[in-house]
Amino acid sequence: QVQLVESGGGWVQAGGSLRLACAASGHTFSGYDMGWFRQAPGKEREFVGYITWNTFTHYADSVQGRFTISRDNDKNTVYLQMNNLKPEDTAVYYCAATRLRATISRTDYAYWGQGTQVTVSS
């Protein structure tokens with residue numbers, strides 16, 4: 001089992017940047033594919049992007065070119081760099097882990113963090 005803790009959320013003006021971090025503990029981090037999801041008020045949790053154990057990345061169309069996922073296996077941490085933020089990016093952001101192949105479906109991830117709030121003002 002792996003435990004995940006997100007950090008780095010906050011408030012930013014449109015056009016600004018934030019970097020979220022997700023620290024993992026409890027198991028061999030390097031063997032997990034990692035995903036980022038977000039949930040806005042009144043909406044379902046949606047896929048943002050993922051990074052595989054061998055650093056292949058895939059992003060939702062809505063964030064492609066603005067967000068970048070990376071991982072540091074020595075630090076057991078995955079990052080979500082968010083640039084050119086828009087008000088519609090406002091949400092609680094969650095990281096998730098799977099020992100299976102990463103997908104865009106939240107049901108394929110067994111482990112979740114508690115989430116971190118990102119608020120983008122116009």
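In which strand is V120 placed? In this predicted model, V120 sits in strand 11. A relative accessible area of 6% makes V120 buried, because the cut-off for burial is under 20%. In space, V120 lies 5.0 Å from V12, C-alpha to C-alpha, although the two are 108 residues apart in sequence. Beyond the residues up to four places away in sequence, V120 touches V12, Q13 and A14. The contacts of V120 also include L85, K86, P87, D89 and T90.

The secondary structure of the protein consists of 11 strands and 0 helices. Read along the sequence, the pattern is accordingly β-β-β-β-β-β-β-β-β-β-β. The radius of gyration is 13 Å, close to the 14 Å given by the globule rule for 122 residues, so the protein is as compact as a globular protein of that length. The C-alpha trace spans about 40 × 25 × 25 Å along its principal axes. Among contacts between residues at least 6 apart in sequence, 59% join residues at least 24 apart. The pairing of V120 with V12, at a sequence separation of 108 residues, and that of A21 with T77, at a separation of 56 residues, give individual instances of residues that are distant in sequence.

Of the 122 residues, 44% are buried. The exposed area of the protein is about 6300 Å², of which carbon and sulfur atoms supply 47%. Charged side chains number 11 positive and 10 negative, and the centres of the two sets lie 1 Å apart.

In soluble globular proteins, nonpolar side chains tend to be buried together. In the present model, the largest nonpolar core has 35 residues. The residues with the most contacts inside this core are M34, W36, L80, M82 and Y93. Two or more residues each come from strand 3 (18-25), strand 4 (33-39), strand 5 (46-51), strand 7 (67-72), strand 8 (77-82), strand 9 (91-98) and strand 11 (116-121). Strand 9 gives the most, with 5 residues. For M34, the contacts outside the span of four places in sequence are L4, C22, F29, G49, Y50, I51, R71, V78, A96, A97 and Y109.

A21 is located in strand 3 and is buried, with a relative accessible area of 18%. This value falls below the 20% limit, so A21 counts as buried. The C-alpha atoms of A21 and T77 are 6.6 Å apart. Aside from its neighbours within four places in sequence, A21 is in contact with V5, E6 and S7, with W36, and with T77, V78 and Y79. Two of these partners appear in the descriptions of other residues: W36 is among the residues with the most contacts inside the largest nonpolar core, and V78 is one of the residues touched by M34.

V5, a further contact of A21, belongs to strand 1 (residues 3-7). The relative accessibility of V5 is 47%, and V5 therefore counts as partly exposed, the class between 20% and 50%. Outside its neighbours within four places in sequence, V5 is in contact with A21, C22, A23 and Q114. V5 and A96 are separated by 91 residues in sequence and by 9.7 Å in space, C-alpha to C-alpha. C22 and A96 are both among the residues touched by M34.

Three loop residues were also examined. D61 is placed in the loop between strand 6 (57-59) and strand 7. With a relative accessible area of 76%, D61 is over the 50% limit and so is exposed. The C-alpha atoms of D61 and G49 are 9.4 Å apart, at a separation of 12 residues in sequence.

N76 lies in the loop between strand 7 and strand 8, and N84 in the loop between strand 8 and strand 9. Phi of N76 is near 55°, a positive value in a residue other than glycine. N84 likewise is not a glycine and has a positive phi, of about 50°. At a relative accessibility of 26%, N76 counts as partly exposed. N84 is partly exposed as well, with a relative accessible area of 42%.

Methods
Residues numbered from 1 in each chain as written. Predicted model: local features only at pLDDT ≥ 70, side-chain atom pairs only at ≥ 80, totals over all residues. Heavy atoms only, no water. Helix = DSSP H or I, 4+ residues; strand = E, 2+ residues; numbered from the N terminus. Rg over C-alpha atoms; globule rule 2.2 N^0.38 Å. Buried < 20%, exposed > 50% of the residue type's maximum accessible area, 1.4 Å probe, protein only. Contact = heavy atoms within 4.5 Å. Areas by Shrake-Rupley, 256 points an atom, 1.4 Å probe, with all protein chains shown as cover. Lys, Arg positive; Asp, Glu negative; His and termini not counted. Charge placed at Lys NZ, Arg CZ, Asp CG, Glu CD. Core = buried A, V, L, I, M, F, W, Y, C linked by side-chain atoms within 4.5 Å.
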